[in-house]
Structures are given as C-alpha cells and as structure tokens.
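Thanks for making the time this morning. I would like to walk you through one model, taking a pair of helices to begin with and the sheets after that.

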Amino acid sequence: MSCVFAGSFFNFVLAKTIIKDYSVSEAVIEIKNLNKHFKDIKAVNDLSFNVYKGDVFGFLGPNGAGKSTTIRMLLTLISPDSGSIKIFGKDLVKHRLEILRNTGAIIEKPDFYGYLTAYKNLEILGSISGHEIPKNRIMEVLELVGLEKRFKSKVKTFSHGMKQRLGLAQSLLHNPELIILDEPTTGLDPQGMKEIRDLILMLSKEQHKTILLSSHLLNEVEITANRMIIINKGNAKVEGDVRELLFAGKLNVKVDVGNPEDLNRIVTESRWGSFLDSKSNSTFIFNLETKEIPELNRFMVSNNIEVLSIVPTRSLEEYFLSITEKGA
C-alpha cells in the first residue's frame, strides 16, 4: 500500500436536517467496544458508535476526550488494544488495503513541499499514491476548495488557512466514499469557514459522501452535521440525531407578545410563573420541556394574549457543556 505522509498531514489516496430510518441504513463505520490505553491513561474506553452512509457525523469532545486517538485507529496509524472496527461492512484489520483505497482524510496541520506549486504538490502526491489522477481532476479539486487561481503559486507563500484548503483538496483527489476530517477549518477566516462548510454539505448531499467531522467549532458542527456523538475521557456520553438531541430535555423558549402587560399580570398568578426565567419589553423567556410548549401557547391564547412568536432554542455549545461538565 502506498500512503502519503506530509509532516503531520496524513491522507489516504490509494484507491439541514434529514431524519433517516437508521435501522435500515447502511453503516459505513461500525465501532464496537473499542479500547486504547497509554500506560495508565484510558484514552478510549469501551467506545461504540455507528456512522451511516451519507452522514455528516459530528465527532465531539473536549481536549483529551479521545477523539484523535479514535481517528488514528480508524486510519490504522495506531492499533486498538481491544474491540473492533468495520468500515464499509468489512473488518479493518482483514481488509485494510481495500478500505483505505476508498478513504480520504486530513488530520492536524497540513504540510507540503513549500518550494513547489499547489498543482505540482497534488500531482506528485497523486502519482505516488498508486492511482492515476487525471490532470483535470487536480484542477477540479483545487476549484472545489477555492485555490484554482493560486494553482501556480508556491506553497511556501500560502497562509495556514490556504494550506488547510490544499490538504482538503488532497483528501478529495481520488474521489473517496468516506472522508475523515479533523479540524478542517483551523486557521480559516469566517468566509473560508463558510466555504468549507458549504463544501462539506455539497459533498454529502450532492456527491453522497459520508463524512466524519471532528471539530471544536460547535457552531460549525451544529450547521453541517445531521448526527453526532459526544465523548469525554474516552467514553461515549451521547449519540444521535443533532436536532433531536438539542431539543431533548428543557429548552429556553423565547415568547414575543403584543400585550406584555397582560401576560406579565396573568403569568405570575399561574403555574407558568415558576417556569419564567426572564422578561424584557415584549419578550418573555421560559424554561420548558418540548411537550410543555403547546400547553403554554394554549394558556396564552385562552387568556387573550397576542402571541407574536414562540421560539425554542438550545445551542450545541449549551448542550455540549451540559454533557461534558457531568464528567466521565
């Protein structure tokens, strides 16, 4: 097998919200009871989760949670102590070459031959991979990541963000079915982040790629991912559909009304007063479970309150902190 290493950049070049019925979906990644210890440190502890075909799967956790260790095991950079990994329905140990031929990845800091152009870097890395990469494919992936106008520029003139884009271009060269991205927007400005986010969504929705996305930018994951897992200290804390998880439990429900004086009067005399978190002008914020929202709405309408809007909210950041602050 020919693998391309460039510093800490590693790429295999050998070979919103939609609710799915995952009971019949094809699992692209199946991790079961995975363990990896480094001396006395349990980096990954009995970890199990599935990534399904077409998912943009958010892989989340605080620093030291075991995300990078898990990704390295998925890419066969390190071996697990126990447990199993299947990719494309095949055991990673037994079918390593076949699986890696159809997997693209970018982890950590991309690094290239600085004295060569972006185009030449991709041409060389493509040629040593064992694949025949057409020249038009090189320009195609450079255009996808917004570097087509700099294809003749030497990489040493690139910013860190541009190198990040070039790393993503390399991971796409051989048109893999599975793409594993570890912090793909590191070093990018807000416009660059949006472009990469749009690219990830396009790869998923239009080209039907499956993407495992590890990122500390929770807002980016909230926008792009349809499913996610949060791990902490090597353990899985929660896994599932992003929207379903965010709207489970109690939410901050923002209510705007046309007659706030009336609502303020009647709410303090009702059971809803205990759920009221704050109020200002025409806006009231209640802390409610999802099933209580229509009950509150009926209460207000029956009391002649002019309801302008009811917006339940919970950010991924809030949810993430509520999960990880509980400890392992």
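Let me start with helices α3 and α5, where α3 passes α5 in a right-handed crossing. Please keep in mind throughout that this is a predicted model. The contact between the two is made, on the α3 side, by Ala118, Leu122 and Leu125, and on the α5 side by Leu166, Ala169 and Gln170. If we sort these contact residues by character, five are nonpolar, one is polar and none is charged. Two packed helices are described by the angle between their axes and the distance between the axes. Here the axes of α3 and α5, the latter being residues 160–172, come within 11 Å and cross at roughly 35 degrees.

Staying with α3, which covers residues 118–127, we find that Ala118, Tyr119, Asn121, Leu122, Leu125 and Gly126 are buried. Where do the buried residues of α3 fall when the helix is seen down its axis? They lie within an arc of 160 degrees, and therefore they line one face of α3. As general background, an α-helix has 3.6 residues a turn, so residues three or four places apart point the same way.

Now to the sheets. One is an open sheet of six strands with mixed pairing, in the order β8-β9-β10-β5-β11-β12. At its edges stand β8, residues 103–106, and β12, residues 235–241, and because each has a single partner strand, one side of each is left without a neighbour in the sheet. From one strand to the next the twist averages 15 degrees. Within this sheet, β9 (178–182) and β10 (210–214) pair in the parallel sense over five bridges, and Leu178 stands opposite Thr210 in β10.

Two helices lie across strands of that sheet. Helix α6, residues 190–205, lies across β5, β9 and β10 and runs at about 150 degrees to β10, while helix α11, residues 316–324, lies across β5, β11 and β12 and runs at about 35 degrees to β11.

Finally, there is an open sheet of four strands, ordered β4-β3-β6-β7, with antiparallel pairing. Its edge strands are β4 (41–52) and β7 (90–91), each with a single partner strand, so one side of each has no neighbour in the sheet. β6, residues 82–87, pairs with β7 in the antiparallel sense over two bridges, and the bridge partner of Ile87 is Lys90 in β7. Helix α1, residues 67–74, packs on this sheet, touching β3, β4 and β6, and its direction makes about 120 degrees with that of β3.

How values were computed. Residues numbered from 1 in each chain as written. Predicted model: local features only at pLDDT ≥ 70, side-chain atom pairs only at ≥ 80, totals over all residues. Heavy atoms only, no water. Buried < 20%, exposed > 50% of the residue type's maximum accessible area, 1.4 Å probe, protein only. Arc of directions from axis to C-beta. Axes fitted to C-alpha atoms, helices over the stretch in contact; angles between N-to-C directions. Left-handed = near helix turned anticlockwise from the far one by under 90°. Contact = heavy atoms within 4.5 Å. Nonpolar A, V, L, I, M, F, W, Y, C, P; charged D, E, K, R; others polar. Pairing = 2+ DSSP bridges.
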